[in-house]
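Student: Got a minute to walk through this model with me? I'd like to start with how the inside is packed.

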Amino acid sequence: MTTEAPEGDVRRHELAGFLRSRRERITPEQVGLPRGARRRTPGLRREEVAQLSAVGVTWYTWLEQARDIQVSQQVLDALARALLLDPSERTHLFALAAMPDPAPHTACPTVTPALQAVLDQMGPVPACVQNSRYDILAYNETYGRLLCDLDALPREDRNCMWLAFTNAEWRAAVVDLAEMNRTLAAKFRASMAQHLAEPGWKALLSRLETHSPEFRELWARHEVVGPAGKTKYLRNARVGLLHVEHTNLWLGPSAGPRLVTYVPMDQETRERLELLRRLSPGAA
């Protein structure tokens with residue numbers, strides 16, 4: 001007598017194999033990541049897919065291990081984007097998860113080499129690509145030295161929420177830190193309303209509450225603010241005071257990834273940003 005596996009088990013194993021195959025075919029360069037000297041894994045590492053998709057590494061690992069865990073449409077959409085799935089592959093992904101695709105004709109943009117080139121050519125204007133969870137997915141040299149040395153940080157710490165509440169160098173660079181962090185916490189709460197059950201968001205929230213009493217106090221206020229740019233002052237340790245306008249340009253739906261720029265508000269700031277760009281290690 002042969003016992004057939006339940007349909008749910010079959011689907012989970014098919015989904016796990018599909019995700020693993022898509023991950024292994026993508027090179028780090030395709031999504032704007034450095035290759036590194038000791039890479040043995042074909043394609044992307046699991047933690048890199050998790051970072052690009054704004055989900056927890058453990059949770060994504062479980063997904064590739066075909067464990068019985070909850071998967072939302074938002075997470076599947078983020079994975080489709082991170083793995084550069086074409087329309088047929090995207091349809092297959094949602095079919096394996098037995099879920100309707102909320103945007104069946106959605107393209108899956110990510111940080112491609114072309115987008116990284118755009119960021120690089122924007123110098124001396126600091127620019128980066130962030131997702132709705134405030135993960136910094138890519139940046140140019142000026143942004144990489146604007147508030148702290150991003151290159152020196154592990155990838156999982158390159159998140160504006162985490163840096164604003166725990167990184168001493170970042171915090172020292174923000175002139176009006178208390179007001180900026182109050183606004184940032186309110187923006188994060190408003191953004192998280194669409195992702196309350198997602199592991200990556202819950203993990204970041206738990207991490208912030210564990211390590212930052214300031215964040216816990218602000219989070220308890222339940223304040224919300226919509227996404228918007230504003231002018232601000234920053235104090236860079238290398239070049240001094242900067243007066244900039246923080247702007248957002250969405251690369252897809254307003255809740256998705258966005259291009260963030262810090263446009264100089266005066267000639268002195270522009271000259272200091274140009275100096276900062278020249279001081280960056282990769283500057284010609």
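Tutor: Sure. One term to begin with: a nonpolar core is a set of buried Ala, Val, Leu, Ile, Met, Phe, Trp, Tyr and Cys residues joined through side-chain atoms within 4.5 Å. And keep in mind that this is a predicted model.

Student: OK, so which residues in the largest nonpolar core touch the most other members?

Tutor: Ile 136, Tyr 143, Leu 146, Leu 150, Trp 170, Phe 188 and Phe 215, out of 40 residues in that core. There's also a second, separate core of 26 residues, with Leu 33, Ile 69, Val 75 and Ala 80 among them.

Student: Back to Phe 188. What does Phe 188 touch, leaving out residues up to four places away in sequence?

Tutor: Arg 133, Tyr 134, Met 161, Trp 201, Leu 204, Phe 215 and Trp 219.

Student: Switching to Arg 258. Where is Arg 258 placed?

Tutor: Arg 258 belongs to strand β5, which covers residues 258–264. Arg 258 is buried but makes no salt bridge.

Student: Which side chain of opposite charge is nearest to Arg 258?

Tutor: That's Asp 135, 9.6 Å away. A salt bridge needs a side-chain nitrogen of Lys or Arg within 4 Å of a carboxyl oxygen of Asp or Glu, so at 9.6 Å Asp 135 doesn't qualify as a partner for Arg 258.

Student: Which backbone oxygen lies 3.2 Å from a polar atom of the Arg 258 side chain?

Tutor: The one of Asn 131. Skipping residues up to four places away in sequence, Arg 258 also touches Cys 128, Val 129, Gln 130, Ser 132 and Trp 250, to name some of its contacts.

Student: Tell me about Asn 131, then. Is Asn 131 buried or exposed?

Tutor: Asn 131 counts as buried because its relative accessibility is 9%, and the cut-off for buried is under 20%. Asn 131 sits in the loop between β1 (127–130) and β2 (136–139). Its side chain reaches the backbone nitrogen of Asp 135 at 2.9 Å.

Student: And Ala 197, buried or exposed?

Tutor: Exposed, because its relative accessible area is 63%. Ala 197 is in the loop between α10 (177–192) and α11 (199–211). The C-alpha atoms of Ala 197 and Gln 70 are 9.0 Å apart, though 127 residues separate the two along the chain.

Student: Last one: which residues in α1 are buried?

Tutor: Leu 15, Ala 16, Phe 18, Leu 19, Arg 22 and Arg 23. The buried residues of α1 pack against α2 (46–53), α3 (57–64), α4 (73–82) and α5 (87–96). Helix α1 itself has 19 residues, 7–25, and reaches 27 Å from first C-alpha to last, close to the expected 27 Å.

Terms used: Residues are numbered from 1 along each chain as its sequence is written. This is a predicted model: local features need pLDDT of at least 70, side-chain atom pairs count only at pLDDT 80 or more; totals for chains, interfaces and linings use all residues. Side-chain values use heavy atoms; hydrogens and water are left out. Buried means under 20% relative accessible area, exposed over 50%, partly exposed in between (1.4 Å probe, protein chains only). Contact means heavy atoms within 4.5 Å. Helices (H or I, at least four residues) and strands (E, at least two) are DSSP runs, numbered from the N terminus. Lys and Arg count as positive and Asp and Glu as negative; His and the chain ends are not counted. A polar contact is a pair of N or O atoms within 3.5 Å; within protein, one must be able to donate a hydrogen and the other to accept it, and residues adjacent in sequence count only if both atoms are side-chain atoms. The expected span of a helix is 1.5 Å times one less than its number of residues.
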